Amino acid sequence: MSDLTETNQTKAALRTAALALRDALPAAERQAAAEAIATRGLPVEVTQGAIVSGFMPMKTEINPLPLLRKLAAAGAQLALPAIAGRGKPLIMRAWQVGGPLKAGQWGIREPMADAAKVAPDILIVPLACFDRAGHRIGYGAGYYDMTINALRAKKKVVAIGIAFAAQEIPRVPATERDERLDLVLTEREVIDFRGK
């Protein structure tokens with residue numbers, strides 16, 4: 001078995017375990033965590049007109065919408081991802097809270113196809129689990145790794161994971177294709193990887 005195959009199998013097992021833990025969190029606890037993160041806000045400056053991309057939560061994912069609402073009220077322009085196809089970076093499209101959405105791949109809500117394409121300054125990234133080195137395990141397709149890589153090739157971008165504290169694991173088996181996060185926000189703390 002190749003090292004990459006073994007790493008992928010390890011990641012799949014870690015993902016399954018982390019998602020089971022996340023699924024077991026009571027709904028009220030999940031909502032309280034989302035509100036706690038929104039109340040604290042982002043630990044980076046969000047200038048007037050800065051583009052912040054979030055995501056529409058699915059299943060038991062932490063809900064970034066309270067944070068996105070707060071950022072929009074402070075003058076940020078919002079964006080949400082749209083899947084362009086397997087093996088391609090996500091397309092970030094402009095969106096406003098309450099704006100129209102359509103069901104994309106896997107039923108994930110995304111902006112309409114005529115919404116403007118934008119290049120975010122800050123990405124709020126979903127994840128299955130994360131570690132204290134800034135590595136994350138997503139859902140296995142690599143969309144966010146490709147997207148962060150493509151954006152960082154063009155401009156300075158801050159990638160911020162958002163998760164429940166229960167999603168932390170001791171170590172993510174990262175590969176050279178995995179993009180490191182700059183920060184992770186949980187209901188308990190802000191974890192900053194930028195100086196590491």
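## Strands 9 and 10

Ile160 has Leu183 as its bridge partner in strand 10; strands here are DSSP E runs of at least two residues, helices are H or I runs of at least four, and both are numbered from the N terminus. Strand 9 (residues 158–162) and strand 10 (residues 183–185) run parallel, paired over three bridges. Two strands count as paired if DSSP finds at least two bridges between them.

A quick note on the model: it's predicted, so local features need pLDDT of at least 70 and side-chain atom pairs count only at pLDDT 80 or more, while totals for chains, interfaces and linings use all residues. Residues are numbered from 1 along each chain as its sequence is written, and side-chain values use heavy atoms, with hydrogens and water left out.

## The sheet

Zooming out, there's an open sheet of seven strands, ordered 3-2-1-6-9-10-11, with mixed pairing. Strand 3 (91–95) and strand 11 (190–192) sit at the edges with a single partner strand each, so one side of each has no neighbour in the sheet. From one strand to the next, the twist averages 25°.

## Helices on the sheet

Helix 3 packs on the sheet and touches strand 1 (51–53), strand 2 (77–82), strand 3, strand 6 (122–125), strand 9 and strand 10. Contact here means heavy atoms within 4.5 Å. The direction of helix 3 makes about 165° with that of strand 6; angles run from 0 to 180 degrees between N-to-C directions, and axes are lines fitted to C-alpha atoms, for helices over the stretch in contact. Helix 4 (residues 143–152) packs on the sheet too, touching strand 2, strand 3, strand 6 and strand 9, and makes about 170° with strand 6.

In helix 3, Leu65, Pro66, Leu67, Leu68 and Leu71 are buried, meaning under 20% relative accessible area with a 1.4 Å probe, protein chains only. Gly75 follows helix 3 and has a positive phi, near 105°.

## Helix 2 against helix 3

Helix 2 (residues 27–40) packs against helix 3 (residues 65–73) at about 25°, with the axes 7 Å apart. That makes the two roughly parallel, a label for angles under 35 degrees. The contact involves Gln31, Ala34, Glu35, Ile37, Ala38, Thr39 and Arg40 from helix 2, and Pro66, Leu67 and Lys70 from helix 3.

## Ser53 in strand 1

Ser53 lies in strand 1 and counts as buried because its relative accessibility is 0%. Leaving out residues up to four places away in sequence, Ser53 touches Ala79, Met92, Pro120, Ile122, Leu123 and Ile124.

Conventions:
Parallel < 35°, antiparallel > 145°, perpendicular 65-115°, else oblique. Buried < 20%, exposed > 50% of the residue type's maximum accessible area, 1.4 Å probe, protein only.
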